[in-house]
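Trainee: I'm new to this one and would like a close look at a single part of it. Could you pick a part and walk me through it, with some context around it?

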Amino acid sequence: MARLTSDFWVSAYLRQAAHDGLIAVLRRRGASEAGAIFVKLDRLDGTAALYGPAPQSLADDEGNRRFQLILDSDPASIEERVARERRFDSDLWLVEIENRQGDPRLDLVEA
């Protein structure tokens, strides 16, 4: 089954977050078709988490995007990691969501 483009997926993610009453913003637009998507979760308590694409070996049979936790730390450490990821992949997307409950609203896999 064909996978949704990064552009379409991010747009739907942002709309769903707004519908759920959460604040989510697109911080960096990547390659429209297949740019890697990273999501920064800000818990608004001085902690944050960064989620990135799950390995292909853990892909969903229906082509849904799945994510894994990359780093759970303070916001400054998350920003440093994002900067390193951007140097490695200039086509990545970065979405930031605020959720005090700590739910990134992503399909997660165990790392």
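**A close look at the helices**

Mentor: Let's start with the outside: the chain has an accessible surface of about 6500 Å², and carbon and sulfur atoms hold 48% of that (areas come from the Shrake-Rupley method with a 1.4 Å probe, and for residues only the protein chains shown count as cover). Keep in mind that this is a predicted model, where local features need pLDDT of at least 70 and side-chain atom pairs count only at pLDDT 80 or more, while totals for chains, interfaces and linings use all residues. Residues are numbered from 1 along each chain as its sequence is written, and side-chain values use heavy atoms, with hydrogens and water left out.

Now the layout. Starting at the N terminus, the elements go α-β-β-β-β-α-β (helices are DSSP runs of H or I with at least four residues, strands are runs of E with at least two, numbered from the N terminus). The radius of gyration is 13 Å, close to the 13 Å the globule rule gives for 111 residues, so the chain is as compact as a globular protein of that length (the radius is taken over C-alpha atoms, and the rule is 2.2 Å times the number of residues to the power 0.38). Of those 111 residues, 37% are buried; buried means under 20% relative accessible area, exposed over 50%, and partly exposed in between, with a 1.4 Å probe and protein chains only.

On to the part I'd pick, the helices, with α1 (residues 6-19) up front. Its 14 residues should span 20 Å at 1.5 Å a residue, and the end C-alpha atoms do sit 20 Å apart, which agrees (the expected span is 1.5 Å times one less than the number of residues). Tucked away in α1 are S6, W9, V10, Y13 and A17, which are buried. Look down the axis of α1 and these buried residues fall within an arc of 95°, so they line one face of the helix (the arc is that of the directions from the helix axis to the C-beta atoms). Turned away from that buried side, you'll find F8, R15, A18 and H19 exposed. The cover over the buried residues of α1 includes β1 (23-28), β2, β4 and β5, counting contact as heavy atoms within 4.5 Å. Just past the end of α1, G21 takes a positive phi of about 80°.

Helix α2 (residues 75-88) makes a handy partner for comparison. It also has 14 residues, and its first and last C-alpha atoms are 20 Å apart, close to the expected 20 Å. Here I78, V82 and E85 are buried. Seen down the axis of α2, they fall within an arc of 60°, so they too line one face. E80 and R87 are exposed on the other side of α2. Cover for the buried residues of α2 includes β2 (37-42), β3 (48-53), β4 (67-73) and β5 (93-98). At the N-terminal end of α2, D74 acts as a cap, with a side-chain oxygen 3.2 Å from the backbone nitrogen of A76 (a polar contact is a pair of N or O atoms within 3.5 Å; within protein, one must be able to donate a hydrogen and the other to accept it, and residues adjacent in sequence count only if both atoms are side-chain atoms).

One last stop, away from the helices. L44, in the loop between β2 and β3, has a positive phi near 65° without being a glycine. At 35% relative accessibility, L44 counts as partly exposed.
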